[in-house]
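Dear colleague,

I am passing on the structure below, and I would be glad if you could look through it alongside my notes, which follow directly after it.

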Amino acid sequence: MAGSTDPPSVGQPLWLLAELTYKCPLHCVFCYNPTQHAHIHDEMSTAQWVDVMTQARKLGAAQLGFSGGEPLLRDDLEELVQEAHHLGYYTNLITSGVGLTPARAQKLKDAGLDHVQLSFQDSTRELNDFLSHTKTFELKQRVAKLIKQHDWPMVMNCVLHRHNLPHVRKIIEMAVALEAEYLELANTQYYGWAWINRDHLMPTREELQVAEAEVNAFRAEQDAQSSGQKCRVLFVVPDYFEERPKACMNGWGAVFLSIAPDGLAMPCHNARDLPGLQLPNVKDTPIADIWQRSTAFNAYRGDSWMKPTCRSCDERHKDFGGCRCQAFLITGDATETDPVCSKSAHHHKVVQVVKNAPTRRNIPIVFRSDAESRALHPAP
């Protein structure tokens with residue numbers, strides 16, 4: 001019944017994201033890593049990560065993503081994969097491809113790595129290398145072939161925005177040529193560095209619709225084929241173009257547990273940026289206590305925290321009020337209804353951003369780097 005509230009329910013953390021490092025050879029303009037990453041030090045040791053994986057597995061976590069930054073910059077990645085395999089995780093390496101040599105690929109295969117997600121920035125060398133501020137396009141092509149040589153299922157990921165939306169068909173054709181099982185076309189979500197570059201990256205509604213039509217046309221063509229390898233294409237529409245929010249992380253503290261390089265435990269990638277949460281650290285707090293009893297992980301569980309707009313909505317158990325980080329960035333209040341929802345009193349701000357997109361494209365673009373991180377967040 002609309003208007004009633006339910007107490008928070010605490011299930012199992014099914015998905016563990018191990019952000020091994022914030023270091024990265026790429027400088028992507030849409031990176032979701034925190035913009036203050038240059039000031040975050042004290043990466044956890046091998047033994048500390050093994051302890052985290054062990055605790056989370058006992059609590060119910062079954063899937064484990066090794067991410068960053070670039071996880072291949074950790075010399076102990078193979079050891080961590082092997083330990084995760086022994087613990088019974090399904091393991092996924094989320095990588096730019098930089099550092100995946102034939103020798104390391106074989107070691108990771110021997111260690112039991114199950115799956116690889118490889119990022120591209122575009123189907124063209126020029127735009128791929130511009131957006132990452134590196135020369136990596138040919139390297140990524142080689143790594144894609146290396147992944148297939150080792151019989152790993154491959155997800156190719158390409159973050160979409162106004163620069164590469166016109167290339168969607170070419171991106172799909174590249175994924176098919178490289179024999180990717182899945183292609184994730186994830187339109188930019190505006191957090192971290194993408195928030196800083198939001199006006200520069202935001203497409204128009206028409207640009208998005210044309211790209212989505214290309215995706216649907218490819219799906220129809222592929223479905224009509226009677227045989228041959230199929231590439232499943234996932235197209236994630238950006239929140240700013242929706243009337244209802246997505247169920248961010250399937251709900252706050254519901255199934256997703258992210259551990260930052262310094263041991264900070266988070267219910268989502270960007271929770272570090274929310275004020276007043278007092279996020280716990282796995283270096284000094286057991287994961288069971290963090291997941292079940294910490295103030296931070298219980299902050300937005302259930303619906304008692306919701307303001308009247310969400311609390312009276314029949315869809316609150318479907319979308320859980322949307323994204324807390326997005327609500328904070330746009331409204332300054334993490335308890336507000338996600339402004340992408342048309343019921344939000346702040347929805348007009350999202351509408352205006354999309355409306356202004358064509359007029360905001362000549363602003364400077366900020367590449368992710370240590371220097372930019374320090375410039376954005378000067379040391380006290």
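**Notes on the sheet and its helices**

Leu160 stands opposite Asn187 in strand S6, and this is a convenient place to begin reading the model, which is a predicted one. The strands concerned, S5 and S6, run parallel and are joined by six bridges, and together with helix H6 (residues 168-177) they make a right-handed β-α-β unit.

On one side of this pair, strand S4 (residues 115-120) is paired with strand S5 (residues 154-160) in the parallel sense over five bridges, with Leu118 standing opposite Met156 in S5. On the other side, S6 and S7 also run parallel, joined by five bridges, and here Tyr182 stands opposite Arg232 in S7. Helix H9 (residues 205-224) packs on the sheet, where it touches strand S6 (182-187) and S7, and its direction makes about 160 degrees with that of S7.

These strands belong to an open sheet of nine, in the order S7-S6-S5-S4-S3-S2-S1-S8-S9, and the pairing across the sheet is mixed. Strand S7 (232-236) and strand S9 (265-266) each have a single partner strand because they stand at the edges, so one side of each is left without a neighbour in the sheet.

Elsewhere in the sheet, helix H1 (residues 46-59) lies across strand S1 (15-19), strand S2 (63-67) and strand S8 (256-259), and runs at about 170 degrees to S1.

With best wishes

Notes. Residues are numbered from 1 along each chain as its sequence is written. This is a predicted model: local features need pLDDT of at least 70, side-chain atom pairs count only at pLDDT 80 or more; totals for chains, interfaces and linings use all residues. Side-chain values use heavy atoms; hydrogens and water are left out. Two strands pair if DSSP finds at least two bridges between them. Helices (H or I, at least four residues) and strands (E, at least two) are DSSP runs, numbered from the N terminus. Contact means heavy atoms within 4.5 Å. Axes are lines fitted to C-alpha atoms, for helices over the stretch in contact, and angles run from 0 to 180 degrees between N-to-C directions. A crossover is right-handed if, with the strands pointing away from the viewer, the path from the first strand over the helix to the second runs clockwise.
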